[in-house]
Amino acid sequence: MIAGNRRRVMKVPDGREMSMRDGKVVAIFGLAALLASCGDAGTAPEPERSQPAKASTSKPNPFHDQLMKLSETDRGLTLRRAVQDNRGSCRRIVSSVYQEEYQGLRMWTLRCEGNRDWAIFVGAAGRVQVRSCGDNVKLGLPVCRFKGA
């Protein structure tokens with residue numbers, strides 16, 4: 001998607017600019033920003049998404065906010081990329097859902113074809129941690145929940 005030698009940059013919360021070469025985090029959320037800038041031509045309107053309740057101790061998380069603004073398809077693709085960048089596999093996306101805030105991180109769940117379920121934790125500084133939902137209980141992390149499951 002990047003053409004020629006143009007240098008793509010992204011502003012991070014502290015105002016600095018980071019190139020796409022500065023790490024996986026920028027690549028993941030750079031993709032999210034690129035997808036968010038794509039037009040909605042030819043797409044069906046999306047169902048209303050419920051916004052998570054913000055606790056009084058909740059810190060701003062611009063990366064999570066970007067994910068919330070994406071269409072379900074673009075958000076799923078962005079989360080899938082995070083899984084793949086962490087050596088996980090997801091051949092086909094079934095659903096992606098914001099679940100909860102956990103220790104300052106925003107937890108998203110991604111269900112992939114073949115019951116491959118992933119928990120993606122997004123930090124305010126743009127750091128992303130990916131765990132298999134099957135490992136969450138063993139690691140003391142929240143159990144993944146999916147709508148209709």
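## An exposed loop residue

Let's start with Arg87, which is exposed, with a relative accessible area of 81%. Keep in mind as you look around that this is a predicted model. Arg87 sits in the loop between α3 and β3. Its backbone deserves a look too: Arg87 has a positive phi of about 65°, although it is not a glycine. As background, most residues other than glycine have a negative phi.

Gln103 tells a similar story. This residue has a positive phi of about 50° and is not a glycine either. You will find Gln103 in the loop between β3 and β4, and it is exposed, at 69% relative accessible area.

## Charged pairs

How many salt bridges does a search of the whole structure find? There are five, and a few of them are described here. In general, side chains of opposite charge can pair when their charged atoms come close.

One salt bridge joins Arg92 and Glu113, with the closest N and O atoms 3.5 Å apart. Arg92 belongs to the loop between α3 (72-85) and β3 (93-102), while Glu113 belongs to the loop between β4 (105-112) and β5 (116-122), so this pair ties together parts that are 21 residues apart in sequence. Arg92 is partly exposed, with a relative accessibility of 48%, and Glu113 is partly exposed as well, at 43%.

Another salt bridge links the side chains of Glu100 and Arg145, at 3.4 Å from N to O. Here Glu100 is in strand β3 and Arg145 is in the segment after α4, so the pair ties together parts that are 45 residues apart in sequence. Arg145 is partly exposed, with a relative accessible area of 48%.

## A buried salt bridge

Are the partners Arg111 and Asp117 buried or exposed? Both are buried. Their side chains meet in a salt bridge, with 2.8 Å between N and O.

## A buried residue in helix α4

Finally, turn to Asn136, which is part of helix α4, spanning residues 133-139. Its relative accessible area is 0%, so Asn136 counts as buried, a label that applies under 20%.

Which residues surround it, once neighbours within four places in sequence are left aside? Asn136 is in contact with Met107, Ala119 and Phe121, and also with Arg131, Leu141, Pro142 and Cys144. To see this in the structure, find helix α4 and look for Asn136 within residues 133-139.

Notes:
Residues numbered from 1 in each chain as written. Predicted model: local features only at pLDDT ≥ 70, side-chain atom pairs only at ≥ 80, totals over all residues. Heavy atoms only, no water. Helix = DSSP H or I, 4+ residues; strand = E, 2+ residues; numbered from the N terminus. Buried < 20%, exposed > 50% of the residue type's maximum accessible area, 1.4 Å probe, protein only. Contact = heavy atoms within 4.5 Å. Salt bridge = Lys/Arg side-chain N within 4 Å of Asp/Glu carboxyl O.
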